[in-house]
Amino acid sequence: MNDAVARRGRSVGVWGPPGSGKSALLSQVEAGSAFRAGILVLTASGDSDESDIRAATLHQLLGRFLRPGGFPGAGEPAPIRRVRDALADSAVAPRVIADAVAGVLDHLAVDVPTVVVVDDIDRVDSLSADVLVRLTRAAGTWGVLIAGRRRLAGSTDPSDDILLGPLNEKDSRLLVESCTPAATVTSTDDEQRKRFRVVDSIVERAAGNPGVLVLSTRALMTSEVLRADSTVDLDRRAHSAVATMWLPRRDLSANARRLGLMWAVACDCPGPVPTPAVPEQLIDPVGLDELLELGLLVYTPQGIEPVHPLLHAAVLELAPSGEQRRAQMSIANALEHHDSDPFGLRGAWHRARAAMSTDDVVATGLDDAVTAAGASLSPVERARCLDVAAALTVDSDRRFVRWARVAEARLAAGDRDGAERALHSIDAGRAPTEARARMLLVEGLVAAAARTPQEAFERPVRAAELLHELDIDLEIYALAAAAEVSWWSGRTDWIGRAAALAAVLGTDDPRHRITLDAIRGCAALFCGDLETAGEALRASLTAASAAKTAHDHRVAGQAAMLLGDDLAAYRHLADSARLFREEGNVFQLSFTLQILASVQTWRGRPDHAEDLIAEGRLLASRVGDDRSLAFGLTMSAHGDGLRGSTQSTRESADAALRIVTGRDIGYLAAAAFWALGRTDLATGKLASALELLQEITDPDSAATHAPTALFALPDLVEAAVRTGHPDIARAAVPRFAAWASAGSPWAAAVLPRLRALTAGDENDAERWFLAGSTDRDRPFERARTQLLHGEHLRRGRQRVRARVLLQEALATFAELHVTAWEQRAATELGATAERARRGPEAATELTPQELTVARLVAGGATNQQVAEQLYLSRKTVESHLHKVYTKLQIGSRKQLPEALAPEN
């Protein structure tokens, strides 16, 4: 517009597929000109229905001027007469018409800045297209803005063009949300899950196209669709809504229509689509040229593809079923023994889609191809294939097994409702053993996420019993599901039952041993036999070198957690999350991310843990996984505690406890209380910390959970020593030492610190502190040991040595962003200084110890809390405060914050 106002001729092209926002952009230009005084915008738009009408678009542009008396001012200028005469003579060359139109634009631009705006230029009639292309090259004192699906050769300068690409996922979701009515406060959890799934479906099918996003949102985000019990076919509703965008009324030739349908059928196949999608022997060159000319097919760096991924769905929505089946069979026959179909999946799929009645042979062929394709198919694609195979299956036993596998795949994709619908297709009373076992497994997994641990344990156990000596792989998978529930619940009777079932399985397959040894080790751990537990869990991790699947790595990661091997736990769980993500198994990924977050929290890395929690929380909300949500809240409580936010810690812990109340998930309750105790320990509330930590580490307590108690013992020992209860600390150390002796690398790294805290001899304490500061793989624990060592040296008046250790601990805590521990190290470091290094002049008169006491009291600590944190008696703290009040000339602790505040 600025170029037009300045009478500088310029041409710009805007190119992109239908729905990409070209028309909206041109509308904004036109609307914007209304606010610019004296700008004349001449507009036109190509129309396929008028593409055979000579000069139809030119008449849109100049029609008002070509009518008698239509030109402003007195008389009719010569350029208008030349245009009218040229358009009336069909023999006049396009070059002459273009010169005449340019003369009109020059004439207009003398009095008013002039811009020509043409949308859908690739749909205009041939004469108008020729003239407009010439005008873009001849723009003198006026501007030209054209838009279309594909750039017209020889028109605008490519360096000035605007290419509209797809929106990214984040912007796509924002656009959907802007077009979506807000959820009502009365929406149920099932309706909220449905809402998440519909949004995901819209974003996936639109491929970043704004037009498809808007049309799909308007069609699908309705109360009718979003009801939990809605039976609306989402695919059909969405395809109908956008079909007209891709397929406006055209007179396609028979060749183009046949090839277009063939292309749509070929693209509507699960798995990766080759380029070209249609086998080359079926591609008709005449039809291909027509589809390319119309812009329905386009050239891409990969080859010829549909202009948009949704095009095939729109074609199939409108094409007669008989024509579709003929196209399916043609492709199936062409793909017979074809190199582009290594698993035989595409051929089997098209043959199945062409079937007009049940056919066991065709169904088995598709099922076999799905098995051969394995992880190359996403859960959604696998469910779709098995759905078709089940519908074609005559034998009821095989049909029920296939429906059960459909349920498994839909659950993996995060579609709980779809999984339950598939299970409803099975007659449990008539179903074979495998189908009933798979049903129980799906029901157990759903129960673990959203119902009761009792059901989550009993159903996979029953499945394992049904599968005994029939399918050992599936039996062990079922046992792993049951064992996982028993571990986190802390129910020793469940753990014992899973261990008894595992004990009768004789197998030397390393992948089987991962699970069986993990179950055996867990049972021993909960019974207090740490030596046997260590041997079995180490055996599980040794076998885990053969781990191939996400499930293998998840079991190995949890075995490593039970053993106390934080590095192996992180490695295996990270691999598990990566593989689940690659597979598209969002249901299992949701919980795996939360377990991985717990490992990172344990290792003192709250920032990474919070990233994992956030991703897991989003997935958990979509699939309705309450257990994962509670896990995430518990880990957030730990992370907030590491950062020193007591209030946030309590809020997250309380929220987690509300979710699991009455649901017998012992770990979550124990971990929530551990988060509170650990936070109190870091922030100097030592009496409260000791009380909480004693509760969760007491084997006879209702709040205890055996592995969690072992993890919390170092915090208990520190809280007990600092509150003057060395007997409690010394009683706890042998339990922790037994865990270290059983093979726990983390416990072995932390144990020297506990030995040092409870040592009766000064030399022993020094030796143990030094031994505990050598582990570079565990920076958080190393820094905690250095902090306690520095405190120990400072109390022994070895301030120079203490300062070196405390500075290193402070740097590590700062790097890990564990603010609570960083502040504690900074406070202790300040107490070693020769003089105060911060504060007003009045405060610099205080001794280092007095200044430290004053700052803690000013921060809200009681005298008792200060005494516990600084290893002083309460009387000593009161003596220091008396001196502080005297030096600062104040009368109470309420005046301390202002007295210590730096002067402006």
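**View 1. Salt bridges across the predicted model.** Search the whole structure and you find 47 salt bridges. Keep in mind that this is a predicted model. As a reminder of the chemistry, side chains of opposite charge can pair when their charged atoms come close. The next three views pick out examples.

**View 2. Asp360 pairs with Arg398.** Here the closest N and O atoms sit 3.3 Å apart. The two residues come from distant parts of the chain, 38 residues apart: Asp360 belongs to helix H17 (residues 360-373) and Arg398 to helix H19 (residues 396-412). As for solvent, Asp360 is buried at 18% relative accessible area, while Arg398 is partly exposed at 38%.

**View 3. Glu408 pairs with Arg438.** We're still on helix H19, this time at Glu408. Its partner, Arg438, is in helix H21 (residues 433-450), so this salt bridge ties together parts of the chain that are 30 residues apart in sequence. The closest N and O atoms are 2.9 Å apart. Glu408 is partly exposed, with a relative accessible area of 25%, whereas Arg438 is buried, with a value of 13%.

**View 4. Arg722 and Glu718 form a salt bridge within helix H35.** This pair stays inside one helix, H35 (residues 706-722), where the two residues are 4 apart, or about one helical turn. Their closest N and O atoms are 3.6 Å from each other, and both Arg722 and Glu718 are buried. They don't act as an isolated couple, either: salt bridges with shared partners join them with Arg678, Asp715, Arg784, Glu791 and Arg824 in one network.

**View 5. Cysteines without a disulfide.** Looking for disulfides? The structure holds 0 of them. Take Cys267: the nearest cysteine sulfur belongs to Cys269 and is 9.7 Å away. A disulfide needs the two sulfur atoms within 2.5 Å, so that spacing rules one out. Cys385 is in no disulfide either, and its nearest cysteine sulfur is also that of Cys269, here at 6.7 Å. Both cysteines are tucked away from solvent: Cys267 is buried with a relative accessible area of 12%, and Cys385 is buried with 0%.

How values were computed
Residues are numbered from 1 along each chain as its sequence is written. This is a predicted model: local features need pLDDT of at least 70, side-chain atom pairs count only at pLDDT 80 or more; totals for chains, interfaces and linings use all residues. Side-chain values use heavy atoms; hydrogens and water are left out. Buried means under 20% relative accessible area, exposed over 50%, partly exposed in between (1.4 Å probe, protein chains only). A salt bridge is a side-chain nitrogen of Lys or Arg within 4 Å of a carboxyl oxygen of Asp or Glu.
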